[in-house]
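User: Please take a close look at one loop residue of this model and work outward from there, through the strands, rings and cysteines that can be described around the fold. A connected account would suit me better than a list.

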Amino acid sequence: MFSMLYCFYISISCSYFLTYYISAYARVGIVSTQRKKTAIFCSSHSLKDNGASLQSGCVLHRKENLSRRFLLFVLVSSGLSPTLPSSGKTKSKNPYDEKRLLEQNKQRQKENNAPKDFPNFIREGFEVKVVTSEDYRKSDSGLIYRDYEVGKGDCPKAGQQVTFHYIGYNESGRRIDSTYLQGAPARIRMGTNAVVPGFEEGIRAMRPGGKRRIIIPPELGPPVGPSTFFSSKQFEVFDIELLSIQNCQRRTIAFYSDVVCN
């Protein structure tokens, strides 16, 4: 509320000073021509006239000129200038461009042999729109997921170890990693920050035997920078198959300590 009143006061002050400045500038233009005449008049009659009235008139004119110069100095030094409306136009989204970008993404995914019902991404600069079917859901954190098979049993808890297969894709549907091609499943302990936050959140709500596709937004993805593998913020897609959940306990033998999961 205070900032709004302050802005209103500044705008009123700017308008007042601008009006006064314009009128003063107009008077300066008129007086400037008269000043030359007055200066000539004063100089031409200074030898003939010994009266104080002519000298007082010249002094008064100098005081008015100094007051106008002082006003101009205050306006310039204080930065009180009117806020003019911006002539730039905000870029509005064109439905044709959005459709064109969608078709381009579909074409790239087709060339990369993306799986069926793969999400589409309409990227325009740093803004990305995710297009999915109605079977996908979105969590409060921004993670998008779809369950193909729910599975049975309990969900993994912090400290437990999960064994799973996964396939990773980028926005163009190109496969970037796969444990199936590696020939062995992956294993991580929950709650140890072993994977990116979006991946752990997606697998935390799964059950053994379940299959899920998760779409990780950049906010829940890996860090971006020159020291990392990722050079730009992009969405990542993972197909996960949770195989099993194991309990873990710490084992200590003499000076050696580790964690064993059954």
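Analyst: Contact is taken here to mean heavy atoms within 4.5 Å. The model is a predicted one, and a suitable starting point is Q234, which lies in the loop between strand 8 and strand 9. By that contact rule, and leaving aside residues up to four places away in sequence, Q234 touches R123, N170, E171, I216 and P218. Q234 is partly exposed, because its relative accessible area is 35%, a value between the 20% under which a residue counts as buried and the 50% over which a residue counts as exposed. The C-alpha atoms of Q234 and P222 are separated by 9.5 Å, with the two residues 12 places apart along the chain.

One of the residues that Q234 touches is R123, and R123 leads on to a pair of strands, since its bridge partner in strand 2 is V128. Strand 1 and strand 2 (residues 127-131) pair in the antiparallel sense, over 5 bridges. These two strands form a hairpin with 2 residues between them, and in its turn G125 has a positive phi of about 70 degrees.

The aromatic rings come next. A pair of aromatic rings is described by the distance of the centres and the angle of the planes. The count of such pairs in this model comes to 7. Among them is the pair of F118 and Y169, which is edge-to-face, with 5.3 Å from centre to centre and 70 degrees between the planes. This pair links distant parts of the chain, as F118 sits in the loop between helix 3 (95-111) and strand 1 (120-124), whereas Y169 sits in strand 5 (residues 161-169), 51 residues apart. F118 has a relative accessibility of 8% and therefore counts as buried, and Y169, at 8%, counts as buried too.

Another edge-to-face pair is made by F199 and F238, so classed because their planes stand at 85 degrees, with the ring centres 5.1 Å apart. Here too distant parts of the chain are linked: F199 belongs to helix 5 (residues 197-204) and F238 to strand 9 (residues 236-246), 39 residues apart. Both F199 and F238 are buried, and together with F164 and Y166 they form one aromatic cluster. Within helix 5, the buried residues are G198, F199, E200, G202 and I203, and what covers them includes strand 5, strand 8 (211-216) and strand 9. Strand 8 and strand 9 are also the two strands that flank the loop of Q234, which brings the account back to its starting point.

The cysteines remain. A search of the whole structure finds 1 disulfide, formed by C248 and C261, with their sulfur atoms 1.9 Å apart. The torsion about the S-S bond of C248 and C261 is about 105 degrees, so this disulfide is right-handed. It links distant parts of the chain, with C248 in strand 10 (residues 248-253) and C261 in strand 11 (residues 256-261), 13 residues apart. C248 has a relative accessible area of 22% and is therefore partly exposed, and C261, also at 22%, is partly exposed as well. A further cysteine, C155, is partly exposed with a relative accessible area of 23%.

How values were computed: Residues are numbered from 1 along each chain as its sequence is written. This is a predicted model: local features need pLDDT of at least 70, side-chain atom pairs count only at pLDDT 80 or more; totals for chains, interfaces and linings use all residues. Side-chain values use heavy atoms; hydrogens and water are left out. A disulfide is a pair of cysteine sulfur atoms within 2.5 Å. Helices (H or I, at least four residues) and strands (E, at least two) are DSSP runs, numbered from the N terminus. Buried means under 20% relative accessible area, exposed over 50%, partly exposed in between (1.4 Å probe, protein chains only). Rings of Phe, Tyr and Trp (its six-membered ring) pair if their centres lie within 6.5 Å; planes under 30 degrees apart count as stacked, over 60 as edge-to-face and the rest as tilted. Two strands pair if DSSP finds at least two bridges between them.
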